[in-house]
Amino acid sequence: MTKVKEVLKQIRKLRKEIDGLQDLIKDMSKNTVTDIVYGSSDEFPYVKRSFKIEGADCEKINRIKMQLIDKKYAYEKAVAKIEEFFDSVKDSEIRNILRLRYELGLTWNDVAIKCDSTEAAVRMRAERFLKKFS
């Protein structure tokens with residue numbers, strides 16, 4: 001598999017982008033927009049009145065939700081592609097390091113803690129392994 005490291009990095013970036021879009025949707029749902037519209041009563045005398053309306057900007061939220069769906073699809077596609085690669089890796093420690101770092105998005109320090117190793121050691125093992133595929 002060529003450019004494995006790029007695919008792994010893309011997975012991390014897509015996950016961060018998905019998290020950012022989800023946060024944006026939450027924030028936008030909390031914010032309300034207001035407007036004033038004009039109308040009249042439905043019975044005579046038809047007197048012009050103004051009405052204040054409030055709500056979330058659904059058009060903008062829906063546009064971001066569509067982006068989120070696209071990013072989730074791209075993420076799932078990339079994960080499926082890299083899962084095939086992970087299955088071919090015979091060394092379970094390397095497989096675990098790569099999954100923790102790239103699929104789960106942990107920091108090198110967190111990966112080291114989970115692998116009962118040092119940050120430098122897990123990083124070096126991953127980099128040496130990935131160099132074989134570039």
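Two residues are in contact here when they have heavy atoms within 4.5 Å of each other. With that in hand, take Arg12 in this predicted model. Setting aside neighbours within four places in sequence, Arg12 is in contact with Arg101, Tyr102, Gly105 and Leu106. Arg12 itself belongs to helix H1, and with a relative accessibility of 13% it counts as buried. Look at one of those partners, Gly105: along the chain, Arg12 and Gly105 are 93 residues apart, yet their C-alpha atoms are separated by 6.0 Å in space.

Now hop across to Arg101, another of the partners of Arg12. Arg101 has its place in helix H3, which covers residues 92-103. Once neighbours within four places in sequence are left aside, the contacts of Arg101 are Arg12, Leu106, Thr107, Trp108 and Val111. So what about its charge? Side chains of opposite charge can pair when their charged atoms come close. Which side chain of opposite charge is nearest to Arg101, and how far away is it? That would be Glu119, at 7.6 Å. A salt bridge needs a nitrogen of Lys or Arg within 4 Å of a carboxyl oxygen of Asp or Glu, so 7.6 Å does not qualify. Arg101 ends up buried with no salt bridge.

Elsewhere there is pairing to look at, since the structure holds 8 salt bridges. Stay on H3 and find Arg99, which is partly exposed at 25% relative accessibility. Arg99 forms a salt bridge with Glu83, and the closest N and O atoms are 2.7 Å apart. Because Arg99 sits in helix H3 and Glu83 in helix H2 (residues 58-88), this pair ties together parts that are 16 residues apart in sequence. Arg99 also meets Asp87 in a salt bridge, at 3.9 Å from N to O. Here again the link runs from H2, home of Asp87, to H3, home of Arg99, so parts 12 residues apart in sequence are tied together. Asp87 counts as exposed, with 60% relative accessibility. Step back a little and you'll find a network of salt bridges that links Glu83, Asp87, Arg99 and Glu103.

For another salt bridge, go to Glu54 and Lys52, whose closest N and O atoms are 3.9 Å apart. Are these two buried or exposed? Glu54 counts as exposed at 56% relative accessibility, and Lys52 is exposed as well, with a relative accessible area of 61%.

Back on H2, have a look at Phe86. Its relative accessible area is 0%, so Phe86 is buried. Not counting residues up to four places away in sequence, Phe86 touches Leu8, Arg95, Leu98, Arg99 and Glu103. Arg99 and Glu103 are also members of the salt-bridge network. As for Asn96, its C-alpha atom is 9.0 Å from that of Phe86, with their positions 10 residues apart along the chain.

Leu8 and Leu98 bring us to the nonpolar interior. The largest nonpolar core has 33 residues, and Leu8, Ile82, Phe85 and Leu98 are the ones with the most contacts inside it. Where do the residues of this core come from? Helix H1 (4-30), H2, H3, helix H4 (108-114) and helix H5 (119-131) each supply at least two of them.

Among these helices, H3 and H5 are worth a closer look. Two packed helices are described by the angle between their axes and the distance between the axes. For H3 and H5, the axes come within 10 Å and cross at roughly 100°. An angle from 65 to 115 degrees counts as roughly perpendicular, so that is the label for H3 against H5. On the H3 side the contact is made by Glu93, Ile94, Ile97, Leu98 and Tyr102, and on the H5 side by Val122, Arg125, Ala126, Phe129 and Leu130.

Finally, a couple of backbone details. Most residues other than glycine have a negative phi, and most peptide bonds are trans. The peptide bond from Phe44 to Pro45 is cis, with omega near 0°. Pro45 lies in the loop that joins strand S1 (33-40) to strand S2 (48-55). Then there's Asp116, which is not a glycine but has a positive phi of about 55°. You'll find Asp116 in the loop between H4 and H5, where it counts as exposed at 74% relative accessibility.

Note on methods: Residues are numbered from 1 along each chain as its sequence is written. This is a predicted model: local features need pLDDT of at least 70, side-chain atom pairs count only at pLDDT 80 or more; totals for chains, interfaces and linings use all residues. Side-chain values use heavy atoms; hydrogens and water are left out. Helices (H or I, at least four residues) and strands (E, at least two) are DSSP runs, numbered from the N terminus. Buried means under 20% relative accessible area, exposed over 50%, partly exposed in between (1.4 Å probe, protein chains only). Lys and Arg count as positive and Asp and Glu as negative; His and the chain ends are not counted. A nonpolar core is a set of buried Ala, Val, Leu, Ile, Met, Phe, Trp, Tyr and Cys residues joined through side-chain atoms within 4.5 Å. Axes are lines fitted to C-alpha atoms, for helices over the stretch in contact, and angles run from 0 to 180 degrees between N-to-C directions. Angles under 35 degrees count as roughly parallel, over 145 as roughly antiparallel, 65 to 115 as roughly perpendicular and the rest as oblique.
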